[in-house]
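Colleague: Before I take any labels from this model to the bench, I would like to hear the reasoning behind them. Could we go through them one at a time?

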Amino acid sequence: MSSRGVFIGQIIDDLDAISNQVRRRCELGQFDLNSLLENFFRDILNLTFNTNLVNLNARRSNAPGLDLGDKTSPRKIAFQITSRADAAKVTDTL
């Protein structure tokens, strides 16, 4: 396998490990990792999509709806960073 394949595999494994840690902590009522990951994904998405996303929860903790938004973009880009992807969460967010 090429070194690129090794790096991509490591990234996938690390993201999977983070996902499992978030799931387990949420089951215990611990949501601190979720908050830290908002900024992690903000940075990753900014690099990936060349955006200027900011954490919308910086002004108001756990703001309803969206977590990251680029107020400078004419494309009106925003993301919700969540550990839940069920229909109730999506409906509630919308």
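**How the labels are earned**

Modeller: Let me begin with Asn-46, which is buried, because its relative accessible area is 16% and the label applies under 20%. Please keep in mind throughout that this is a predicted model.

Colleague: Where is Asn-46 found, and which residues is Asn-46 in contact with, leaving aside its neighbours within four places in sequence?

Modeller: Asn-46 belongs to helix 2, and once those neighbours are left aside its contacts are Thr-51, Asn-52 and Leu-53. Arg-4, by comparison, is 42 residues from Asn-46 in sequence, and their C-alpha atoms are 22 Å apart in space.

Colleague: Why is Phe-40 called partly exposed?

Modeller: The relative accessibility of Phe-40 is 34%, and the label covers values between the 20% limit for buried and the 50% limit for exposed, so Phe-40 counts as partly exposed. Phe-40, also in helix 2, joins Ile-11, Leu-15 and Ile-44 in a nonpolar surface patch of about 330 Å².

Colleague: What makes that patch a feature of helix 1 and helix 2?

Modeller: Each of these two helices supplies at least two residues of the patch.

Colleague: How do you know that helix 1 and helix 2 pack, and which residues meet there?

Modeller: Helix 1, residues 3-27, and helix 2, residues 32-49, have axes 9 Å apart and pack at an angle of about 150 degrees. From helix 1, Leu-15, Ile-18, Gln-21, Val-22, Arg-25 and Cys-26 meet Asp-32, Leu-33, Asn-34, Leu-37, Phe-40 and Phe-41 of helix 2. By kind, the residues of this contact are eight nonpolar, two polar and two charged.

Colleague: What makes Asp-32 and Arg-25 a salt bridge?

Modeller: Their side chains meet at 3.9 Å, N to O, and the cut-off is within 4 Å, so the pair qualifies. Asp-32 is partly exposed, because 46% relative accessibility falls between the two limits, and Arg-25 is partly exposed too, at 30%.

Colleague: How many salt bridges does the structure hold, and what can bring such side chains together?

Modeller: The structure holds three. Side chains of opposite charge can pair when their charged atoms come close. Glu-27 and Arg-24 form one of them, with the closest N and O atoms 3.2 Å apart; both residues lie in helix 1, three residues apart, about one turn of the helix. In another, Asp-43 is bridged to Arg-42, and here the closest N and O atoms are 2.9 Å apart.

Colleague: Why is Glu-27 called exposed, and which label does Arg-24 carry?

Modeller: Glu-27 has a relative accessible area of 57%, and exposed means over 50%, so Glu-27 earns the label. Arg-24, with 48% relative accessibility, counts as partly exposed, because that value is not over 50%. In the Asp-43 bridge, Asp-43 is partly exposed at 37%, as is Arg-42 at 22%.

Colleague: How do these details sit in the chain as a whole?

Modeller: The chain has three helices and three strands, arranged from the N terminus as α-α-β-β-β-α. Buried residues make up 20% of its 94 residues, while the chain exposes about 7,200 Å², of which carbon and sulfur atoms supply 56%.

Terms used: Residues numbered from 1 in each chain as written. Predicted model: local features only at pLDDT ≥ 70, side-chain atom pairs only at ≥ 80, totals over all residues. Heavy atoms only, no water. Axes fitted to C-alpha atoms, helices over the stretch in contact; angles between N-to-C directions. Contact = heavy atoms within 4.5 Å. Nonpolar A, V, L, I, M, F, W, Y, C, P; charged D, E, K, R; others polar. Patch = residues over 30% accessible without salt bridge, like charges linked within 9 Å, V, L, I, M, F, W, Y side chains within 5 Å. Areas by Shrake-Rupley, 256 points an atom, 1.4 Å probe, with all protein chains shown as cover. Buried < 20%, exposed > 50% of the residue type's maximum accessible area, 1.4 Å probe, protein only.
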